[in-house]
Structure formats: structure tokens, C-alpha cells
Amino acid sequence: INGPNLNLLGEREQSQYGSITFDKLKENCQKKSQELGLDIEFTQSNIEGEIVNLIQDSIKKFDGIIINAAAFTHTSVAIRDALDIFKKPIIELHISNIYKREEFRQKSLISDIVTGGIFGLGADGYILAIIAMQNLLKK
């Protein structure tokens with residue numbers, strides 16, 4: 001699940017997010033998932049309520065969630081509450097290192113309820129998260 005403005009990857013702050021486009025990132029994730037035998041759904045929304053619905057729908061549909069909540073990481077109690085209800089592995093992911101950015105970005109409302117997190121490794125963080133999720137699901 002990808003949050004606000006991630007659909008603009010490749011166009012926005014390349015110094016923070018690199019030059020990969022959202023479509024290329026999606027393609028890379030789908031390819032890695034197929035290699036590992038995982039079925040994924042790669043989604044993005046700029047709307048908080050849609051992300052809450054995606055998380056709620058995932059309870060019966062998926063065995064884990066990888067989420068880059070983007071700006072909602074720092075503001076959304078609703079997304080936090082939905083993730084807390086999920087009760088399966090959750091990986092929080094950020095392309096940039098939120099802990100090296102502006103002070104308001106250094107607080108994640110979801111870090112204390114997720115299984116683990118990947119921060120600041122660029123688009124490669126998505127591939128690492130997919131591998132980590134596969135390992136979590138094997139346990």
C-alpha cells in the first residue's frame with residue numbers, strides 16, 4: 001500500500017526519492033514477488049479513507065502488508081488503528097530516511113505497531129521488504 005504523492009515518483013524531489021517512476025517500481029515489485037512465489041497487490045492512494053479501506057479489506061485477503069504511508073505516517077490515527085486491527089505481519093517502508101528529515105517527519109504513528117521497518121534505502125527498500133515479508137510468512 002502506497003500513500004499520497006507516491007504516484008509522482010520520478011517527478012518529485014529526486015534527491016529524496018530517486019528517479020524511478022511509480023510504474024517501474026510497481027513492475028520491479030511484481031517481478032520480485034513472482035520470483036519468490038508471492039501474490040501481491042500493489043496499490044496507491046492519495047486519500048486517507050481509501051487506505052483505511054484497503055487495510056480493512058486486507059484482513060481476509062492477505063497474509064501481510066507492506067505499507068509506505070508517506071505523509072500519512074506522521075498524521076493518520078485512522079491508518080494506525082486499521083493497521084493495529086490487522087494482526088498479521090506489517091512492514092513499514094519509506095524510500096527516504098524519515099529520521100534524517102524535518103522534525104515533523106521524524107515521528108511515525110505506526111512504527112510501534114508494525115512488525116518491522118525499512119527506511120532510507122531508496123526503491124531497493126521495496127525489494128527488501130518483499131524478501132522480508134516472505135521470510136516472515138515462512139515462520
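This is a dialogue about reading a predicted model of one protein chain.

Visitor: Where should I begin, and how many helices and strands are there in the protein chain?

Guide: Start with the inventory of elements and then take their order, always remembering that this model is predicted. The protein chain has 5 helices and 3 strands, and read along the sequence they follow the pattern α-α-α-β-α-β-β-α.

Visitor: What does the radius of gyration of the protein chain say about its overall form?

Guide: The idea is to set the value beside the one expected for a compact globule of the same length. For 139 residues that expectation is near 14 Å, and because the protein chain has 14 Å, the two agree. The extent of the C-alpha trace adds to this picture, since along the principal axes it spans about 35 × 35 × 25 Å.

Visitor: Of the residues of the protein chain, what percentage count as buried, and what does the accessible surface come to?

Guide: A residue is called buried when its relative accessible area is under 20%, and by that criterion 41% of the 139 residues of the protein chain qualify. The accessible surface comes to about 7500 Å², and carbon and sulfur atoms account for 48% of that area.

Visitor: Among contacts between residues at least 6 apart in sequence, what percentage join residues at least 24 apart?

Guide: Here one asks how far along the sequence the partners in a contact lie from each other. In the protein chain, 71% of the contacts between residues at least 6 apart join residues that are at least 24 apart.

Visitor: How far apart are the mean positions of the positive and negative charges?

Guide: One averages the places of each kind of charge and compares the two results. The protein chain has 16 positive and 18 negative charges, and their mean positions are 5 Å apart.

Visitor: Turning to single residues, is Ser 33 buried or exposed, and which residues does Ser 33 touch?

Guide: For a single residue, it helps to read the element, the accessibility and the contacts together. Ser 33 lies in helix α2, which covers residues 22-36, and because its relative accessible area is 1%, Ser 33 counts as buried. Beyond residues up to four places away in sequence, Ser 33 touches Leu 38, Ile 40 and Ile 130.

Visitor: Where does His 94 lie, and with which residues is His 94 in contact?

Guide: His 94 lies in strand β2 and is buried, with a relative accessible area of 3%. Its side chain is joined to that of Glu 92 by a polar contact of 2.8 Å. Apart from neighbours within four places in sequence, His 94 is in contact with Asn 68, Ala 70, Thr 73, Ile 118, Phe 119, Gly 120 and Leu 121.

Visitor: Ala 70 is among those partners; what is the phi of Ala 70?

Guide: Backbone angles can be read residue by residue, with attention to the sign of phi. Ala 70 has a positive phi of about 50 degrees although it is not a glycine. This residue lies in the loop between β1 (65-67) and α4 (77-86), and because its relative accessibility is 14%, Ala 70 counts as buried. Lys 87 likewise has a positive phi, near 60 degrees, and is a residue other than glycine. Lys 87 lies in the loop between α4 and β2 and is exposed, with a relative accessible area of 66%.

Visitor: Where is Gln 106 found, and what lies 2.6 Å from a polar atom of its side chain?

Guide: In a loop, one looks for contacts that involve the backbone as well as the side chains. Gln 106 is found in the loop between β2 (90-94) and β3 (116-119), and with a relative accessible area of 33% it is partly exposed. A polar atom of the Gln 106 side chain lies 2.6 Å from the backbone oxygen of Arg 101. Leaving aside neighbours within four places in sequence, Gln 106 is in contact with Ile 98, Tyr 99 and Arg 101.

Visitor: Finally, in which helix does Glu 50 lie, and which side chain makes a polar contact with that of Glu 50?

Guide: Glu 50 lies in helix α3 and is partly exposed at 40% relative accessible area, while its side chain makes a polar contact of 2.6 Å with the side chain of Ser 45. Lys 60 is also found in helix α3, residues 48-61, and is exposed, with a relative accessible area of 82%.

How values were computed: Residues are numbered from 1 along each chain as its sequence is written. This is a predicted model: local features need pLDDT of at least 70, side-chain atom pairs count only at pLDDT 80 or more; totals for chains, interfaces and linings use all residues. Side-chain values use heavy atoms; hydrogens and water are left out. Helices (H or I, at least four residues) and strands (E, at least two) are DSSP runs, numbered from the N terminus. The radius of gyration is taken over C-alpha atoms; the globule rule is 2.2 Å times the number of residues to the power 0.38. Buried means under 20% relative accessible area, exposed over 50%, partly exposed in between (1.4 Å probe, protein chains only). Contact means heavy atoms within 4.5 Å. Accessible areas come from the Shrake-Rupley method with a 1.4 Å probe; for residues, only the protein chains shown count as cover. Lys and Arg count as positive and Asp and Glu as negative; His and the chain ends are not counted. The place of a charge is taken as NZ of Lys, CZ of Arg, CG of Asp or CD of Glu. A polar contact is a pair of N or O atoms within 3.5 Å; within protein, one must be able to donate a hydrogen and the other to accept it, and residues adjacent in sequence count only if both atoms are side-chain atoms.
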